[in-house]
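Student: I have a protein model open in front of me and would like to learn how to read it, feature by feature. Could we go through it together?

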Amino acid sequence: MREQEPEQARVETPVVQLDVIPATQSNADEHPKVNVVAKWTLLLSKMVILAFTSVGLWSYYDSPGLLYPFLETHYNLTALQLGKSYSLYCFPNLFMPVAVGVLVDKGPFGFDLRFAIILTTFLIGLASVIQAASSGVVEVFLFARFVLGLGGESLLSSQFRAAAMIFRSNELGMATGVLFVVGQIAACCLFNISPTIAENTSLTVVFIVTAIVAVLAFGDGIVVALLFKSKLKRPSAETVTSSRQSNSNTFSIKSILLSTAKGSLRYLRKFPLRYWLLLFSISVPLGIVVSLMVFSTDLAVDKWEVEPVLAARYSSVMVIVPLVLGVPVGYLLDRFGHRLTAILTGCFLQLGALCILAFSETHSSVAYVLVAFALIGITYTLWPITLGACIPLCLPESVGAVGMGVCYQLPQ
């Protein structure tokens, strides 16, 4: 009975107030004074290493919408099939992020964040290789999008959960900003380089480059699992007991699925009301922003009659803005708090962007396009970073991975 008290105390630890969390209220242990430059260099290096695991996803996800004029020629891809490619990505994410989160929190068969990161980066790398080998066959291209969906949002939720375990509470905003910025670097390269490569060489070359990046990200996932082994594994008594009980059962797919389903329902009951309010206030509008980003190039071509390559460069504004603002926004959230203010600011900016897109005329100045895309980019910076900085603070550790999984499942 006494052995269970420390674990119970850890799970029932009260959560932190979300709106204002100054750095002086962190739960970090006191460390001896070290050189500030060396400290920040080490901290940023850890953040970048963790962030690089997602560059394969970021350099692949938006490629159908961005390269649609070239896909139309290469695959004879129709607009309906373009929409289907995103639907095939979203379908596995209706259940995969939560399923992976349950496995991470419960730890059957020793499953933890290390294995989640390796598995999801492997699936993304596999999808990119399948796409590179599609040889103009649209069915293979669509299948690759499905495989990408198996790992995509599950990787992001695992990545942000890992950040919450590796970094302190007063470093979460900064860590989330770095994760986001590194991903946007990959997306920015996709928006600015891929159309030029496809125009001057072929679409296959773009796919091969994407596959190389995704394989490198898979290698980085292995490095993360080894480098942060002590922080990502689950040494608690609860996990050890769960693993032993799981190992004593039959290793059947049915038992795993039943365990995952029951675990999902049990964990979801533990989530406080503030979690659901935060989730719906950000994730649902964020889904609208992502949809606009997906079809931004096609929108610029059809409504404002912009050339495809130039439209792709205009669309890159939406990833350049997060690239510039990501780390400063994360630092400000850590330093001053006011996370609710960031959420409301994103809502007003999104409304402004939608009004510009809806009411601007067909032959309007290109400035309208750039302003609307810039506002979407600011919104796309504020919401994910605020979400990543808040969720670990309003959930007990025992359901942290599931909580992040639901965040990435809901917009799908």
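Tutor: We will go from the whole chain to single residues and then to particular kinds of side-chain pairs. Please keep in mind throughout that this is a predicted model.

Student: Let me begin with the overall fold: how many helices and how many strands are there in the chain?

Tutor: The chain holds 21 helices and zero strands. As for the contacts between residues with a separation of 6 or more, 87% of those in the chain are accounted for by residues 24 or more positions apart.

Student: What share of the residues count as buried, and which atoms supply the area that the chain exposes?

Tutor: Of the 412 residues, 51% count as buried. The chain exposes about 18800 Å², and carbon and sulfur atoms supply 67% of that area.

Student: How should I read a single residue, and is leucine 113 buried or exposed?

Tutor: One can ask for its element, its accessibility and its contacts in turn. Leucine 113 has its place in helix α8, which covers residues 113-132, and it counts as buried because its relative accessibility is 1%, where the cut-off for buried is under 20%. Leaving aside neighbours within four places in sequence, leucine 113 is in contact with Val104, Ser158, Arg161, Ala162, Met165 and Leu232. The C-alpha atoms of leucine 113 and leucine 155 are separated by 9.8 Å, although these two residues are 42 apart along the chain.

Student: Turning to aromatic rings, how many aromatic pairs does the count come to?

Tutor: The count comes to nine aromatic pairs. In one of them, the rings of tryptophan 58 and phenylalanine 180 have centres 6.2 Å apart and planes at 90 degrees, so this pair is read as edge-to-face. The pair links distant parts of the chain, since tryptophan 58 lies in helix α3 (residues 55-61) and phenylalanine 180 in helix α10 (residues 172-200), 122 residues apart. Tryptophan 58 and phenylalanine 180 are both buried, and together with Tyr380 they form one aromatic cluster.

Student: Where do I find a charged end over an aromatic ring?

Tutor: The charged end of arginine 335 sits over the ring of phenylalanine 336, at 5.2 Å from its centre. Another case is arginine 145, which lies over the face of tyrosine 86 at 5.0 Å from the ring centre.

Student: And how many salt bridges does a search of the whole structure find?

Tutor: The general idea is that side chains of opposite charge can pair when their charged atoms come close. A search of the whole structure finds two salt bridges. Aspartate 112 forms one with arginine 114, with the closest N and O atoms 2.8 Å apart, and both of these residues are buried. Glutamate 171 forms a salt bridge with arginine 168, and here the closest N and O atoms are 2.6 Å apart. Glutamate 171 counts as buried because its relative accessibility is 10%, whereas arginine 168, at 23%, counts as partly exposed.

Student: My last topic is cysteine: how many disulfides does the count come to?

Tutor: In general, a disulfide is a covalent bond between the sulfur atoms of two cysteines. In this model the count comes to zero disulfides. Among the cysteines, cysteine 90 counts as buried at 18% relative accessibility, and cysteine 390 is buried as well, with a relative accessible area of 1%.

Conventions. Residues are numbered from 1 along each chain as its sequence is written. This is a predicted model: local features need pLDDT of at least 70, side-chain atom pairs count only at pLDDT 80 or more; totals for chains, interfaces and linings use all residues. Side-chain values use heavy atoms; hydrogens and water are left out. Helices (H or I, at least four residues) and strands (E, at least two) are DSSP runs, numbered from the N terminus. Buried means under 20% relative accessible area, exposed over 50%, partly exposed in between (1.4 Å probe, protein chains only). Contact means heavy atoms within 4.5 Å. Accessible areas come from the Shrake-Rupley method with a 1.4 Å probe; for residues, only the protein chains shown count as cover. Rings of Phe, Tyr and Trp (its six-membered ring) pair if their centres lie within 6.5 Å; planes under 30 degrees apart count as stacked, over 60 as edge-to-face and the rest as tilted. A charge sits over a ring if NZ of Lys or CZ of Arg is within 6 Å of the ring centre and within 35 degrees of the ring normal. A disulfide is a pair of cysteine sulfur atoms within 2.5 Å. A salt bridge is a side-chain nitrogen of Lys or Arg within 4 Å of a carboxyl oxygen of Asp or Glu.
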